[in-house]
Amino acid sequence: MSKGTGIENLQHETRRFPPSAEFIAQAIAKPELYQQAQTDRLDFWANQARELYWHKPFTKTLDYSNAPFATWFEDGELNVSYNTLDRHVLAGRGERIAIYFEGENGDTRTYTYAELLAEVKKTANAFASLGLVSGDRVAIYMPMVPEAVIAMLATVRLGAIHSVIFGGFSAESLRNRINDAEAELIITADGGYRKGKVSALKPAVDEALADDSCPSVKNVVVLKRGGNQVGWVQGRDHWWSDVVDSASSEHEAESFGAEHPLFILYTSGTTGKPKGILHTSGGYLTQAVFTHKNVFDVHPEKDVYWCTADVGWITGHTYVVYGPLANGVSQVIYEGTPDSPDWGRWWQIIEKYKVSIFYTAPTAIRTFMKLGREIPDKSDLTSLRVLGSVGEPINPEAWIWYRDVIGGNSCPIVDTWWQTETGAIMISPLPGITSTKPGSAQVALPGISIGIVDEEGKKVTSGGGYLTINEPWPSMLRGIWGDPERFQKTYWSQYPGLYFAGDGARIDDDGDVWILGRVDDVMNVSGHRLSTAEIESALVSHPFVAEAAVVGATDETTGQAIVAFVILRADQVAAAGSDSDVSKLLRDHVAKEIGPIAKPRQIMVVSELPKTRSGKIMRRLLRDVAEDRPIGDVTTLADTTVMDVITGKLAAGATD
Ligand code: WT7
């Protein structure tokens with residue numbers, strides 16, 4: 001079932017880390033939460049929703065009569081931007097720091113809540129002056145700088161819908177997403193700092209829009225950040241400073257219905273075309289706020305919080321922008337990569353800002369573990385008190401290292417399972433309540449109902465199966481942009497009435513959940529989600545390639561790594577050159593088509609692919625090759641000698 005996350009054998013973990021008496025005494029989350037949610041789940045969520053500011057209070061909690069399409073708090077009205085900013089300023093918290101920005105190049109800036117609000121108001125006025133109105137889509141393709149957050153909040157303040165596209169995606173990926181969302185406005189920058197260099201963003205926008213290939217786009221706003229020379233289309237392109245600086249800082253937030261669309265975020269599915277996951281306002285914000293506060297034990301008046309995710313991913317949406325700001329906490333935003341100028345950078349940032357809550361991904365932890373504790377040991381990390389993990393299973397060894405070396409053997413670790421689709425955390429320990437267990441995400445949060453089922457959909461009470469969500473939850477996706485059928489088919493057709501997450505999971509004797517990784521054709525590379533079909537279609541778009549099959553092979557650092565098998569077109573073999581030439585060329589081609597994150601670790605040129613009699617590629621066998629294991633059962637192959645041909649050629653040393 002698992003694609004080899006390597007943790008399936010480690011579930012006999014007996015180590016337990018109960019919370020300290022000191023932690024319990026000050027913890028935000030109290031054990032009664034579970035009881036309250038158990039007694040009346042809907043009442044529990046309604047109470048959480050009342051923590052927000054509603055321009056018009058809701059009277060209905062959930063309507064699921066048109067399942068799987070749910071509405072939450074439907075007759076209520078709110079403004080999400082107002083909840084993240086105005087509210088704090090009006091309550092006298094305007095002088096609190098909202099953002100400590102640390103540029104990779106050493107620039108620093110801080111924004112108080114009052115300053116951030118003023119910037120968001122100006123930016124909302126600027127966007128409105130470019131014609132943006134409620135319901136319009138805005139594509140945001142930015143470096144990790146405060147203006148990315150400002151652009152998101154200004155968009156939703158107007159009731160418009162953002163679609164943030166990670167800066168590492170190519171022009172081609174950008175174009176597909178802009179067109180699918182039919183975005184009218186694009187927000188980008190002349191560059192951003194990454195790994196000591198200035199990356200380019202505007203050229204990708206220009207390429208995406210060339211030859212009128214994105215007819216919906218009317219305007220492009222460009223932030224000056226990197227100082228790159230940029231191409232310019234008069235009338236379409238505007239400098240951020242030209243439109244924002246002169247705009248008024250007065251802007252009253254209008255209220256929108258709780259089910260008003262908030263954002264679209266594209267993520268990879270099992271087919272070639274990324275899905276535009278749609279989230280709406282009231283339910284999403286309710287669960288973002290509840291989970292952020294309780295899972296990370298946020299005390300906004302004294303904590304300094306840092307989530308290392310980019311706003312291009314769902315983690316950046318929920319746990320950099322919406323949760324933390326609505327909770328009024330002070331947070332660090334860092335523009336660059338952990339190795340710039342050296343591997344000490346993150347730990348120096350924690351020391352500098354006295355970060356107390358830190359949220360990152362297992363791939364980073366494993367990388368630091370390999371580099372050795374000498375690096376983090378150089379910094380004073382004693383301000384830390386809660387550590388979070390997200391994006392992929394964390395192996396117990398990395399978990400223990402994280403707790404010991406980063407957390408000084410005293411910080412609770414919260415391993416949080418969720419997805420772009422779930423909008424917010426679903427399974428996680430609660431610090432101050434749960435005795436944590438290395439490697440397990442453990443239990444569903446209060447108000448969340450999950451299950452593990454077998455192939456037939458029967459509930460599994462011990463052992464392995466498929467992870468499902470049994471009841472609608474406030475921050476659930478409301479659909480796939482423009483494709484309601486795909487929404488039903490992808491998530492709701494496997495097990496009637498249950499949401500199918502696409503992950504394998506196991507439940508142990510204590511009732512704790514262990515996530516085993518994806519069971520579909522989705523890979524998880526460094527916590528980034530990529531589909532095999534998407535990379536295969538990028539490969540076959542190259543004239544040299546006749547056929548391609550992609551698998552995710554277990555990788556010690558990145559969790560999974562992309563390995564591709566390609567068959568060259570017979571008439572192109574000579575032009576393609578040596579296997580290693582063609583492999584390099586195709587790796588670069590994938591980076592250009594999708595983005596550098598999708599670049600295969602390895603490409604193997606083969607003459608055949610293993611297929612069943614019905615023509616389906618048997619990826620399981622290719623994974624055996626990629627992971628250098630004996631080849632499994634080949635009896636269902638149409639041609640049982642194919643694997644001998646493949647392994648024979650590879651053994652002859654003809655790989656990249
Ligand atoms: C997939 C969702 C949720 C934000 C980041 C990724 C995997 C996520 C965990 C975890 C084991 C995890 C799952 C999931 N995943 N968190 N704590 N333990 N696996 O969001 O890109 O939508 O990917 O990430 O496989 O389905 P995403």
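A polar contact is a pair of N or O atoms within 3.5 Å. In this predicted model, a backbone N or O atom of Glu392 meets that limit, lying 3.3 Å from a nitrogen atom of the ligand.

## Ligand surroundings

There are 17 residues around the ligand, and those that come nearest are Asp415, Thr416, Thr420, Asp503 and Arg529. Asp415 also has a polar contact through its side chain, where an N or O atom is 2.8 Å from a nitrogen atom of the ligand. Gly391, like Glu392, is listed with a backbone atom: an N or O atom of the Gly391 backbone is 3.1 Å from a ligand nitrogen. The three pairs are set out below.

| Residue | Atom of the residue | Atom of the ligand | Distance |
|---|---|---|---|
| Gly391 | backbone N or O | nitrogen | 3.1 Å |
| Glu392 | backbone N or O | nitrogen | 3.3 Å |
| Asp415 | side-chain N or O | nitrogen | 2.8 Å |

## Helix packing

Two packed helices are described by the angle between their axes and the distance between the axes. Helix 4, residues 80-93, takes part in two of the pairs described here.

Its partner in one pair is helix 5, residues 113-129; the two axes come within 9 Å and cross at roughly 135 degrees. An angle in the range between roughly perpendicular and roughly antiparallel, that is above 115 and not over 145 degrees, counts as oblique, and helix 4 and helix 5 are therefore oblique to each other. The crossing of helix 4 past helix 5 is left-handed. On the helix 4 side, the residues in contact are Ser81, Thr84, Leu85, Asp86, His88, Val89 and Arg93, and on the helix 5 side they are Tyr113, Ala114, Leu116, Leu117, Val120 and Lys121. Sorted by class, this contact holds seven nonpolar, three polar and three charged residues.

The other partner of helix 4 is helix 6, residues 146-157, with the axes 7 Å apart at an angle of about 120 degrees. Helix 4 and helix 6 are therefore oblique as well. Helix 4 contributes Val80, Ser81, Tyr82, Thr84, Leu85 and Asp86 to the contact, while helix 6 contributes Leu153, Val156 and Arg157. The classes here are five nonpolar, two polar and two charged. Ser81, Thr84, Leu85 and Asp86 of helix 4 appear in the contacts with both helix 5 and helix 6.

A further pair is formed by helix 3, residues 41-49, and helix 10, residues 282-295, whose axes are 9 Å apart at an angle of about 85 degrees. Angles from 65 to 115 degrees count as roughly perpendicular, so helix 3 and helix 10 are described that way. Phe44, Trp45, Gln48 and Ala49 of helix 3 meet Thr286, Gln287 and Phe290 of helix 10. This contact has four nonpolar and three polar residues, and no charged residues.

## Backbone exceptions

Most residues other than glycine have a negative phi, and most peptide bonds are trans. The following sites depart from that pattern.

The peptide bond from Ala67 to Pro68 is cis, with omega near 5 degrees; Pro68 sits in the loop joining strand 1 (62-66) and strand 2 (69-72). A cis peptide bond also runs from Ser340 to Pro341, where omega is near 0 degrees. Pro341 belongs to the loop between strand 17 (330-334) and helix 12 (345-353). Gln442, which is not a glycine, has a positive phi of about 70 degrees, and its place is the loop between strand 20 (413-416) and strand 21 (450-453).

Notes. Residues are numbered from 1 along each chain as its sequence is written. This is a predicted model: local features need pLDDT of at least 70, side-chain atom pairs count only at pLDDT 80 or more; totals for chains, interfaces and linings use all residues. Side-chain values use heavy atoms; hydrogens and water are left out. Axes are lines fitted to C-alpha atoms, for helices over the stretch in contact, and angles run from 0 to 180 degrees between N-to-C directions. Helices (H or I, at least four residues) and strands (E, at least two) are DSSP runs, numbered from the N terminus. Angles under 35 degrees count as roughly parallel, over 145 as roughly antiparallel, 65 to 115 as roughly perpendicular and the rest as oblique. A crossing is left-handed if the near helix is turned anticlockwise from the far one by less than a right angle, and right-handed if clockwise. Contact means heavy atoms within 4.5 Å. Ala, Val, Leu, Ile, Met, Phe, Trp, Tyr, Cys and Pro count as nonpolar, Asp, Glu, Lys and Arg as charged, and the others, Gly among them, as polar. A residue is near a molecule or strand if one of its heavy atoms lies within 4 Å of it. A polar contact is a pair of N or O atoms within 3.5 Å; within protein, one must be able to donate a hydrogen and the other to accept it, and residues adjacent in sequence count only if both atoms are side-chain atoms.
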